[in-house]
Amino acid sequence: MPSASASSDSWWRGAAIYQLYVRSFADGDGDGIGDLAGVRARLPYLAALGIDAIWFNPWYPSPMADAGYDISDYRSIDPVFGTLDDADALIGEAHAHGIRVIIDVVPNHGSDRHPWFTEALAAGPGSAARARFWFRPGRGRSGELPPNNWQSVFGGPAWTRVTEADGSPGEWYLHLFAPEQPDFNWDSADVRGEFEDVLRFWFSRGADGIRIDSAALLSKDAALPDLPADQPPGPAHPFTDRDDVHAVYRSWRAIADQYSTGSQGDRMLIGEVWLPDAARLMRYVNPGELHTVFNFPYLNCPWEAAALRRVIDQTLALSAPTGSPATWVLSNHDVDRVVSRYGRPDTSFSLDERRYFHGFPVDLPLGTRRARAAALLTIALPGSVYVYQGEELGLWEVQDIPDELRQDPIWARTGGADPGRDGSRVPLPWSGTEPPFGFSPAGASAAPWLPQPKEWRDLTVAAESANPDSMLALYRAALHIRRSEPAFADATLTWQPSPSGVLAFDRNPPVGQDTSGQDTGGQGATVRCVANLSAAPVTLPAHAGVLLASGPLDGGLLPPDTTVWLRII
């Protein structure tokens with residue numbers, strides 16, 4: 001059953017969405033890599049958690065130069081994960097559990113093994129096949145220099161030179177990420193038509209939504225000018241947040257709307273858009289474009305009451321004119337896990353400064369306490385909430401992976417200067433007291449693809465399911481209360497007076513509605529969320545009862561780094 005705030009066809013407005021990184025979720029065949037069989041076996045766990053939808057990271061055929069974000073076929077499943085029939089069965093079984101399915105589409109770039117790119121290499125300069133990508137002659141006397149100064153997100157130049165069919169040094173091609181991920185040219189009608197068909201393919205198979213990777217990067221300035229060092233994203237930037245990218249998403253929204261009829265409800269589009277300008281960010285959810293975008297300012301925000309209040313207010317204010325719901329995210333597969341972030345002296349985060357953050361010691365008990373408090377604060381906010389797998393177990397960032405076992409191209413391309421993202425992608429612990437902790441079946445032929453800390457024995461699903469005070473128990477309780485309490489169905493919050501370092505707001509039930517949508521004549525209780533981010537206990541406001549607390553309460557006091565949900569009559 002969908003949550004109270006996601007009970008209509010517009011389920012995405014208030015959904016609790018679980019991000020599932022297939023490689024690290026559950027291994028069904030014993031090869032040390034998570035797969036769709038493992039996911040299907042664990043669907044009851046996800047249903048019991050209380051989520052409304054699953055967002056799957058890419059599951060397509062891929063050489064895995066970037067953990068599946070280098071896609072060679074957008075209409076199939078990588079054999080390491082299973083088959084297209086497995087995906088169809090998974091979508092159907094998820095729906096039977098009341099769980100919707102969101103898949104990841106990567107439109108900025110493909111794989112260098114994609115048939116189109118193989119064709120482009122063979123076709124040569126000036127061909128229609130190369131026009132689907134960004135091939136250009138180099139600079140310098142013999143073309144030995146890249147066409148411009150653009151740098152890859154993963155480090156190093158964003159250009160790689162090819163060897164032509166006759167063996168001579170040839171053109172260069174653009175890749176804003178790894179060399180194995182050539183950028184598509186979205187000026188090409190072939191590219192636009194291909195991805196529109198990919199959306200139809202998956203919507204026709206029952207997908208409920210599409211998460212769009214690197215959504216702001218599709219459009220490029222065809223002149224390919226050098227990038228000034230201080231050029232912010234926007235219309236003048238040669239490849240980030242250019243205005244014409246919005247035409248792409250208007251066409252995609254029209255396709256999603258065509259499928260948003262019948263009993264399945266809306267098909268939704270959510271964008272991964274990293275932009276510092278909040279006003280530019282919200283242009284992506286203008287009417288007729290994307291349904292929602294990820295809220296990265298909230299994810300990056302330090303554990304400070306004033307900073308969080310500012311981000312929450314800005315998010316709600318910017319969402320209001322477009323009618324789009326806010327989204328709330330504490331972690332994902334690209335950032336350090338929240339337990340580790342909140343256990344550092346600097347509790348903020350930035351993708352560009354990962355090495356800086358990894359230089360701090362981590363106070364795991366403190367980080368866990370704050371992560372519990374942050375979970376209740378986040379889940380109480382109006383809009384949709386995302387839970388990255390393992391977040392509900394309180395897993396921490398694994399920072400001591402041996403160099404020879406690291407997989408992330410960021411680590412390799414920066415020569416180890418950036419530790420990369422492997423630490424947030426370590427396979428989940430399900431049961432037992434030793435690795436692989438039930439991630440793989442008994443008699444598995446290989447160890448998990450990344451090593452699990454032995455200390456995770458206390459954080460397995462089995463161990464936490466038996467502990468009423470565990471992080472898992474907290475998440476289950478919070479998500480189920482969020483689903484059943486009428487107050488969480490409303491799209492607004494009302495701030496309440498609170499001491500310095502404390503956040504307090506009310507969620508009020510919609511007039512005349514209970515959790516089943518029945519008329520109640522305006523009955524229902526207000527829920528007040530109080531989060532104490534200060535260093536001292538604070539007095540709880542008058543209340544009729546405690547719905548849930550992230551940690552023990554001290555009589556009438558709320559301890560530091562603790563959040564409570566109170567029933568207010």
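Two strands pair if DSSP finds at least two bridges between them. The exercises below apply this and other ideas to a predicted model.

**Exercise 1. A strand pair**

Determine in which sense strands β5 and β6 pair, and over how many bridges.

*Solution.*
Step 1. Locate the strands: β5 covers residues 159–163 and β6 covers residues 169–174.
Step 2. Establish the pairing: the two strands run in the antiparallel sense and are joined over 4 bridges. One position shows the arrangement, since T160 stands opposite Y173 in β6.
Step 3. Examine the connection: the hairpin of β5 and β6 has 5 residues between the strands, and G167 takes a positive phi near 90° there.

**Exercise 2. The surroundings of T378**

Decide whether T378 counts as buried or exposed, and state which residues T378 is in contact with beyond its neighbours within four places in sequence.

*Solution.*
Step 1. Place the residue: T378 belongs to helix α12, which comprises residues 364–379.
Step 2. Apply the cut-off: buried means under 20% relative accessible area. The value for T378 is 2%, and therefore T378 counts as buried.
Step 3. List the partners: once neighbours within four places in sequence are left aside, T378 is in contact with Y298, W328, L330 and V385.

**Exercise 3. The span of a helix**

Test whether the end C-alpha atoms of helix α15 are as far apart as the number of residues leads one to expect.

*Solution.*
Step 1. Recall the rule: the expected span is 1.5 Å times one less than the number of residues.
Step 2. Apply the rule: helix α15 (residues 471–484) has 14 residues and should therefore span 20 Å.
Step 3. Compare: the end C-alpha atoms of α15 are 20 Å apart, which agrees.
Step 4. Add the burial: the buried residues of α15 include M471, L474, A478 and I481.

**Exercise 4. Two pockets**

Describe the volume and the lining of the largest pocket and of the second largest pocket.

*Solution.*
Step 1. The largest pocket has a volume of about 1300 Å³. Its lining consists of 42 residues, with V153, F177, W274, L351 and D352 nearest its centre.
Step 2. This lining divides into 20 nonpolar, 13 polar and 9 charged residues. Helix α8 (residues 296–300) gives the largest share, 3 residues.
Step 3. The second largest pocket holds about 470 Å³ of space. Of its 28 lining residues, T368, R372, D469, S470 and M471 are the closest to its centre.
Step 4. In the second largest pocket, the largest share of the lining, 5 residues, comes from α12. The lining comprises 15 nonpolar, 7 polar and 6 charged residues.

Definitions and conventions:
Residues numbered from 1 in each chain as written. Predicted model: local features only at pLDDT ≥ 70, side-chain atom pairs only at ≥ 80, totals over all residues. Heavy atoms only, no water. Buried < 20%, exposed > 50% of the residue type's maximum accessible area, 1.4 Å probe, protein only. Contact = heavy atoms within 4.5 Å. 1 Å grid on protein atoms, 1.4 Å probe; cavity = no way out; pocket = protein on both sides within 12 Å on 5 of 7 lines; lining within 4 Å. Points joined across faces, edges and corners; volume = space filled by probe spheres on them. Nonpolar A, V, L, I, M, F, W, Y, C, P; charged D, E, K, R; others polar.
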